[in-house]
There are 2 protein chains.
Amino acid sequence: MVTARNTRQDVIEAAGRLFAEKGYHGTSMRDLGRELGLLGSSLYAHVESKQDLLVEVVEEGARLFQASASAAIEEGGAPGQQLSHLIAGHIGVVIDNLDVVRTYLNEARMLDADHRSRVIAARDSYEQVFRIVIAAGISDGSFRSNADPKLESIFILSVLNAIERWYRPTGAVNRDRLVDEVSDFGLAALRR
Amino acid sequence: MVTARNTRQDVIEAAGRLFAEKGYHGTSMRDLGRELGLLGSSLYAHVESKQDLLVEVVEEGARLFQASASAAIEEGGAPGQQLSHLIAGHIGVVIDNLDVVRTYLNEARMLDADHRSRVIAARDSYEQVFRIVIAAGISDGSFRSNADPKLESIFILSVLNAIERWYRPTGAVNRDRLVDEVSDFGLAALRR
DNA sequence: ACCCTACGAACGAACGTTCGTTTGTGATAG
DNA sequence: CTATCACAAACGAACGTTCGTTCGTAGGGT
């Protein structure tokens with residue numbers, strides 16, 4: 001018989017859920033235990049510390065976005081198409097991993113200095129991918145020439161990262177519609 | 001001589017600063033006391049509770065944005081101009097009240113249900129102003145006809161609200177440049 | 001028989017908050 | 001010009017609670 005005991009991954013997933021919902025400092029180990037049907041102290045059979053849990057969730061978020069960017073770039077195509085792929089990939093990551101992404105975006109600053117600076121570096125390199133694609137589109141004349149790649153990439157990522165704040169899986173805007181609308185918006189903002 | 005003792009407003013301002021930086025649950029009353037050069041217990045001469053402080057800061061944020069929207073609409077003009085005014089006003093509020101805005105945007109969810117729902121209502125009515133202006137621009141033909149006012153307003157507000165996350169007063173992007181760039185971006189995204 | 005997993009008591013530290021007391025300041029009265 | 005008074009601001013000890021974490025123990029699956 002499967003008695004369905006909890007694994008380390010279960011604990012990390014539940015942590016992502018609670019950190020996303022109530023914040024890292026707003027979540028206690030006893031809260032987290034209750035979420036899994038056990039005592040707070042029992043979590044230490046799976047995990048070294050509370051901070052360890054935050055590291056695990058945030059680094060998973062970083063990996064997901066990095067993988068998405070790599071996949072988008074490998075598809076190649078003109079800058080406009082690459083940007084569409086980046087947008088679609090980002091939205092996929094957000095929608096399919098809402099709790100991890102919310103924790104990644106909002107709670108990473110609660111990490112200790114070491115881990116935090118690594119996450120910031122990962123974020124910067126992800127943003128760089130957008131910036132390079134946009135710069136390429138300006139160079140080849142497909143995007144408006146007065147656009148600043150650095151700011152435009154920040155703006156588009158702002159729209160993408162804010163999805164976590166309003167998107168609801170059961171809402172009126174489904175995944176395909178969201179990808180289309182954001183792509184239209186981003187490409188319209190950049191078109192010459 | 002004035003020995004500059006602390007007033008209720010000083011406490012609220014310091015709270016905004018710390019809540020913005022470390023989050024509501026990441027800030028203790030003793031932290032806040034230290035920020036003002038006194039003991040945590042001394043704060044209760046000025047304030048009823050920690051929650052009270054959060055309410056004060058968040059509601060100030062809500063007031064600032066509401067006032068900005070009212071001022072922008074009073075200026076009138078074509079939808080494109082009105083949207084520019086809304087954008088400029090929003091950026092002004094963010095830049096001139098960074099800590100209050102960061103607390104308003106990130107910590108409002110830590111409010112008790114009553115206050116939180118009032119803040120959400122205020123946010124919705126602020127977003128409505130953007131939506132109405134965008135809808136007017138679509139109707140009169142100045143904005144692209146396939147734009148959805150609801151989503152476009154969310155997208156533009158996403159860019160505006162994310163400014164808090166990357167803008168630094170001492171950075172390369174100053175206020176005027178920021179207003180220009182965001183206006184260009186938003187209007188380009190909407191132009192037919 | 002051996003691991004995981006979970007318990008549950010316990011730890012010291014930190015939390016928000018209360019309360020009686022002290023301090024400094026500005027106004028008033030002599 | 002000084003003594004007195006009221007009052008707000010700050011102190012500092014103490015409260016009950018919760019925090020993250022440790023540890024010895026017990027039970028069930030392989």
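What pattern does chain A follow when it is read along the sequence? I began with this question, keeping in mind that I am working with a predicted model. Reading along the sequence, I find that chain A follows the pattern α-α-α-α-α-α-α-α, and the tally for the chain is eight helices and zero strands. I also noted the extent of the C-alpha trace of chain A, which spans about 60 × 40 × 30 Å along its principal axes.

**Entry: domains of chain A**

I looked up the domain division next and found domain 1 at 8–45 and domain 2 at 51–191 of chain A. Taken over C-alpha atoms, the centres of domain 1 and domain 2 of chain A are separated by 27 Å. To the contact, domain 1 of chain A contributes nine residues and domain 2 of chain A contributes ten residues. On the side of domain 1 of chain A that touches domain 2 of chain A, I recorded five nonpolar residues, three polar and one charged.

**Entry: α4 against α7 within chain A**

I then turned to helix α4 (residues 79–96) and helix α7 (residues 149–166) of chain A, which pack at an angle of about 25° with their axes 10 Å apart. Because angles under 35 degrees count as roughly parallel, I entered α4(A) as roughly parallel to α7(A). The crossing in which α4(A) passes α7(A) is right-handed. For the residues involved, I listed A:I87, A:H90, A:I91 and A:V94 from α4(A), which meet A:L160, A:I163 and A:E164 from α7(A). Sorted by class, this contact of α4(A) with α7(A) has five nonpolar, one polar and one charged residues.

**Entry: chain A with chain B**

How many residues of chain B are in contact with chain A? I find 20 residues of chain B in contact with 20 residues of chain A. On the side of chain B that touches chain A, the elements giving two or more residues are α7 (149–166) and α8 (175–190) of chain B, and α7(B) gives the most, with nine residues. The residues on that side of chain B divide into ten nonpolar, six polar and four charged.

I followed this with the pair α7(A) and α7(B), which pack at an angle of about 100° with their axes 8 Å apart. Since angles of 65 to 115 degrees count as roughly perpendicular, α7(A) goes into my notes as roughly perpendicular to α7(B). From α7(A) the contact uses A:I154, A:F155, A:S158, A:V159, A:N161, A:A162 and A:W166, and from α7(B) it uses B:I154, B:F155, B:S158, B:V159, B:N161, B:A162 and B:W166. I counted no charged residues in the contact of α7(A) with α7(B), which divides into ten nonpolar and four polar.

**Entry: DNA strand D**

Which residues are the closest to DNA strand D? Of the 19 residues that surround DNA strand D, I noted A:S28, A:S41, A:S49, B:L38 and B:S41 as the closest. The elements that give two or more residues to the surface near DNA strand D are α2 (29–36) and α3 (50–74) of chain A. By class, I recorded the residues of this surface near DNA strand D as six nonpolar, ten polar and three charged.

Conventions: Residues numbered from 1 in each chain as written. Chains lettered and ligands numbered in written order. Predicted model: local features only at pLDDT ≥ 70, side-chain atom pairs only at ≥ 80, totals over all residues. Domains from an automatic or database assignment. Contact = placed C-beta atoms within 7 Å. Nonpolar A, V, L, I, M, F, W, Y, C, P; charged D, E, K, R; others polar. Helix = DSSP H or I, 4+ residues; strand = E, 2+ residues; numbered from the N terminus. Near = placed C-beta within 6 Å. Axes fitted to C-alpha atoms, helices over the stretch in contact; angles between N-to-C directions. Parallel < 35°, antiparallel > 145°, perpendicular 65-115°, else oblique. Left-handed = near helix turned anticlockwise from the far one by under 90°.
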